[in-house]
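This briefing covers aromatic pairs, two helices and the empty spaces in one protein model. Please have the sequence and the 3D view open while reading.

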Amino acid sequence: MLEQGNIDLNARPIVKNADGSYSTVRSMSFGDDGGREILVPTVSPDGKIMSDSAAADLYGNTGQNLGKFDTPAHANMYAEALHKAQDQHYGAQAAQPATDDLPPGFSIVSQPQAAQGVNQPEGVPTYVPPGVEGYDPKTGEVQQYGKAGSAAMGAANATTFGFGDELASYLASTFSGVPRDQVLSQMRGNADKAQSDNPKSYLAGEVGGGLAQAAATGGAGFGLNAARTGGALGRVALGGAADGAIYGAANGAGNADGEFMDRLRGLLTGGTIGAAVGGAAPYATSALGSVARKIVSPFASTPEREAAVDVLAREGVPVTAGQRTGSKVLRYAESELGGAKAANMAEQQGEAFTDAALRKAGGAGRATPDNMAALRDTLGQEFESISSRNTLTADPKLGNDIGTTLNRYDKLLEAQQKPIINGLADDIVQRLQANGGKLPGAEYQTIRSDLSRASSSTGNQTLAAAFRGLRDALDGAMDRSISPADAARWAELRSQYGNMKVLQRASVGGGANSGLGLISPAQLRNAAASGNREGFATGASDFADMAKAGQAVMTELPNSGTAARSAVRSVGVPLSAGVGGMVAGLPGMIAGMAVPRIAGSTLMSRPVQAYLGNQVAAGSTDPVTNAILGVITRQGATPAFTGN
């Protein structure tokens, strides 16, 4: 209401309507040239009902009105409230109108007589200025906030440390011309209404606003800087407390709506809360992180074991969750409860390991005698095929290599062995001289085979090394003489043939699996190291990584006499059958005996194995990550405490 009406409402003529009701302030409104809405009665002073145009003309002639308003909505609101008050005043209604029946912004009051003899009867509503919660001056209605709106209001409050309404009120007042205090009162009322309508959504918005601040600033502060410089958890927590005190103080002061002392109390309270939250956050995130990591990845492995598992994975060798993590309890559980599934897994694993080993020699499958013989013949035939179409050409390096072998072993061989090596060297030289410095591929292959057999047949390691020295000198010369078209395959054959010799030694090891053509990691390791320990130790052997990884991951645990295995057995069939028998007699005992089998089948299932063996969250969170999580926790929690 911009201006009070000038009609004496106590002296209005009463018009009795056809339906028995009364009309005293039947009204309408219209806009004037000044943008105001004029409310006028449509009952004439002599008690007749007027048309809207006649009522407007009467106002033009007399200036009499029921009030002047800023909007048609406000004029309608007042007219409705006035109509209810007049009904009560003239006895048209028996009961006093309830306050909550009135439109927002009005209340029923007793008004004193107006100036200039204008009387206002008891019950005429007075207009209440803006400031009620959720009041919208444009529509005259009280806004009902949805969840999204409440969340947005909470986020706005948190991101501005509670000062957003005050800052915005200056801008809104400047553009609207409405006094700033009135705008601020309205904004605070809206915020309170949004919080009361949907407190959970408002709280979520405050938390989200705090997180947005953390993202915008990158979590910068004393706590994160302490973590980045290598500070321990206590130092990070101390820095977090300082950050929280600053952040909480700003929120506390911003959310205090009173004068200086209220702001000061809010600052101190918010600072205290922020310091407590900021100091506790790193400890909380560290503890919760450990629990969460344990839930996600229940059995943590080590980097060394993970590297070994990766080697086996590249070779196509599957592993169980217990083998991957190294947990003895889990491995014993797989062994004791896994039953047929565990046994099948072990056989599949042994077969995959053997197949991977044979692939390095150009073969596949198990290392059975027939398979190994076929592999030997295949490689030999390829050697002969390539040798037959190539010729060894002598070069200075061949002479140097033969001379080096003779000089080295002349001092090491026994007197009766020296002539053997010298005679073989002379034979090679003479053949080369007879062929103009060349040696046909077939002849080279014959000499090489003789030297290899001689090396394998003698028990004297020094003599065997001398034979290999002459053979290696010839191999080097042939490598340098092979045509470019055959060079790549020749080098591959040489490597595969050497690996085949290792597999031959590994396949003759003891154990039941050897009879099935399976090579264990231990057998492969011993065979690969026996001919060249230094090369195996330094990783020069094609089998070094695979054998070491297999032995680290696949080696079986002791079959008996361990506490872990005994513990698993104690919760197996005897316990389940006993409990079942006590509960349901013989049927319960039979059912109880099946429980471990079901548990073992579940344990060895793919989903459970994948979960138990996963390393997604294994290990510890680095200090910087933990500090960042602490910042996020503090930024999200502090506005929720101080924003209320």
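A cluster of four residues, F383, Y444, W490 and Y497, is held together by ring pairs. The model is predicted. The points below start with the aromatic pairs, then turn to the helices, the largest pocket and the largest cavity.

**Aromatic pairs**

- The number of aromatic pairs comes to 5.
- The planes of the F69 and Y78 rings stand at 45°, and a pair counts as tilted when the angle is neither under 30 degrees nor over 60, so F69 and Y78, with ring centres 5.3 Å apart, make a tilted pair.
- F69 and Y78 are both buried.
- F383 and Y497 pair edge-to-face, with 5.5 Å from centre to centre and 80° between the planes.
- This pair joins distant parts of the chain, since F383 sits in helix α14 (residues 369–388) and Y497 in helix α19 (residues 484–507), 114 residues apart.
- The relative accessible area of F383 is 5%, which is under the 20% limit, so F383 is buried.
- Y497 has a relative accessible area of 23%, so Y497 falls between the 20% and 50% limits and is partly exposed.

**Helix α10**

- Helix α10 covers residues 303–314, which is 12 residues.
- From first C-alpha to last, α10 reaches 17 Å, close to the 16 Å expected at 1.5 Å a residue.
- The buried residues in α10 are R305, E306, A308, V309, V311 and L312.
- Residues three or four places apart in an α-helix point the same way, because there are 3.6 residues a turn.
- Packing partners for the buried residues of α10 are α11 (321–325), α13 (339–359) and α23 (544–554).
- G316, just after α10, has a positive phi of about 80°.

**Helix α13**

- One of the helices packed against by the buried residues of α10 is α13, which has 21 residues.
- The reach of α13 from its first C-alpha to its last is 31 Å, close to the expected 30 Å at 1.5 Å a residue.
- Buried residues in α13 include A342, M345, Q349, G350, A352 and F353.
- T354, A356, A357 and L358 of α13 are buried too.

**Largest pocket**

- The largest pocket holds about 1400 Å³ of space.
- Its lining has 38 residues, of which R471, Y497, G498, K501 and R505 are the closest to the pocket centre.
- Y497 is thus named both in the aromatic cluster and at the pocket centre.
- Helices that each supply at least two lining residues are α14, α17 (441–457), α18 (461–481), α19, α21 (521–531) and α22 (533–537).
- The largest share of the pocket lining is from α19, with 10 residues.
- By type, the pocket lining divides into 9 nonpolar, 17 polar and 12 charged residues.

**Cavities**

- Across the whole structure, 3 cavities of 30 Å³ or more are found.
- The volume of the largest cavity is about 50 Å³.
- Among the residues lining the largest cavity are G223, L224, V236, G240, D243 and G278.
- The lining of the largest cavity also includes A281, P282, A627, G630, V631 and R634.
- At least two residues of this lining come from each of α7 (222–228), α8 (233–254), α9 (260–296) and α27 (623–642).
- α27 gives the most to the lining of the largest cavity, 4 residues.
- The lining of the largest cavity is made up of 6 nonpolar, 4 polar and 2 charged residues.

Definitions and conventions
Residues are numbered from 1 along each chain as its sequence is written. This is a predicted model: local features need pLDDT of at least 70, side-chain atom pairs count only at pLDDT 80 or more; totals for chains, interfaces and linings use all residues. Side-chain values use heavy atoms; hydrogens and water are left out. Rings of Phe, Tyr and Trp (its six-membered ring) pair if their centres lie within 6.5 Å; planes under 30 degrees apart count as stacked, over 60 as edge-to-face and the rest as tilted. Buried means under 20% relative accessible area, exposed over 50%, partly exposed in between (1.4 Å probe, protein chains only). The expected span of a helix is 1.5 Å times one less than its number of residues. Contact means heavy atoms within 4.5 Å. On a 1 Å grid over the protein atoms alone, a cavity is a set of points where a 1.4 Å probe fits but cannot get out, and a pocket is an open set with protein on both sides within 12 Å along at least five of seven lines; lining residues have an atom within 4 Å of a point. Grid points are joined across faces, edges and corners, and a volume is the space filled by probe spheres set on the points. Ala, Val, Leu, Ile, Met, Phe, Trp, Tyr, Cys and Pro count as nonpolar, Asp, Glu, Lys and Arg as charged, and the others, Gly among them, as polar.
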